[in-house]
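I opened my notebook to follow the strands of this model and see who sits beside whom. Here is what I looked up, in the order I went.

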Amino acid sequence: MAHKTSTQSPALTHIDAAGEARMVDVSEKSATERLAVAEGRVVMSKATLELIVSGNAKKGDVLGTARIAGIMAAKRTADLIPLCHPLALSKVTVDITPDAGLPGCLVRASVKVTGPTGVEMEALTAVSVACLTVYDMIKAVERGVRIEGIHLVEKMGGKSGHYRA
């Protein structure tokens, strides 16, 4: 586990000296390979999960649709999060695994880029939108579905190095 800690107070990089929001200047940073992995889960009843797994959900292929939605969301992160840089992503994967133990679905996104800034927000956005898509496709069957635990699992590359939750 590689956590980077600092003895100084952390600074908010998106706030300037006057307290105004700003986009961080990354023009002086080296372009390096960067990877981020995020996870979340969608918790539901066993009956609803069975509908998803059997392919009998009224709106169609829940997992396939959510996977595509997550990939599309990663590519549009800069349009959704005001101070994110638009990035030319080199790889996005979204895996959604049914889990009878929850019951529900585990959602995991991995995003890769070679550039001057990381892709944590793209991975988190992919997971969030994939989870929301699962919810949207099953809400007519079960309104009490919960989206939980969206978090960064790992990031590699850049000056801050390797982080693993």
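**Entry 1: β1 and its two partners.** I began at Thr32 and found Gly115 of β3 standing opposite. That pair belongs to a longer match: β1 (residues 32-43) and β3 (residues 104-115) run antiparallel and are joined by 12 bridges. I kept in mind that this is a predicted model.

Next I turned to the pairing of β1 with β4. Strand β4 covers residues 146-156, and eight bridges hold the antiparallel pairing with β1. Here I picked out Arg41, which has Glu148 of β4 opposite.

**Entry 2: the whole sheet.** In what order do the five strands of the open sheet lie? I read it as β2-β3-β1-β4-β5, with antiparallel pairing. The edges are β2 (91-99) and β5 (163-164); each has a single partner strand, so one side of each has no neighbour in the sheet.

I then checked how β2 is attached. Nine bridges link β2 with β3, again in the antiparallel sense. In this pairing I noted Thr97, opposite Leu106 of β3.

**Entry 3: the loop between β2 and β3.** Following the chain from β2 to β3, I came to Pro103, which lies in the loop between them. Is the peptide bond from Leu102 to Pro103 cis or trans? I found it cis, with omega near -15°.

**Entry 4: Thr133.** I moved on to helix α4 (residues 120-138), where Thr133 lies. Is Thr133 buried or exposed? Its relative accessible area is 14%, and because the cut-off for buried is under 20%, I put Thr133 down as buried.

What does the side chain of Thr133 reach? I found the backbone oxygen of Val129 at 2.8 Å. Leaving aside residues up to four places away in sequence, I listed Thr65, Ala66 and Ala69 as the residues that Thr133 touches.

**Entry 5: a nonpolar patch.** Last, I looked at the surface. Leu132, Ile147 and Ile150 make a nonpolar patch of about 230 Å² there. I looked up Ile147 in more detail and placed it in strand β4. Its relative accessibility is 32%, so I recorded Ile147 as partly exposed, a class that lies between the 20% and 50% cut-offs.

**Loose ends, for rereading.** I want to come back to β1, which pairs with β3 over 12 bridges and with β4 over eight. I also marked the cis bond before Pro103 for another look.

Terms used. Residues are numbered from 1 along each chain as its sequence is written. This is a predicted model: local features need pLDDT of at least 70, side-chain atom pairs count only at pLDDT 80 or more; totals for chains, interfaces and linings use all residues. Side-chain values use heavy atoms; hydrogens and water are left out. Two strands pair if DSSP finds at least two bridges between them. Helices (H or I, at least four residues) and strands (E, at least two) are DSSP runs, numbered from the N terminus. Buried means under 20% relative accessible area, exposed over 50%, partly exposed in between (1.4 Å probe, protein chains only). A polar contact is a pair of N or O atoms within 3.5 Å; within protein, one must be able to donate a hydrogen and the other to accept it, and residues adjacent in sequence count only if both atoms are side-chain atoms. Contact means heavy atoms within 4.5 Å. Patches are made of residues with over 30% relative accessible area and no salt bridge: like charges are joined within 9 Å, nonpolar side chains (Val, Leu, Ile, Met, Phe, Trp, Tyr) within 5 Å. Accessible areas come from the Shrake-Rupley method with a 1.4 Å probe; for residues, only the protein chains shown count as cover. A salt bridge is a side-chain nitrogen of Lys or Arg within 4 Å of a carboxyl oxygen of Asp or Glu.
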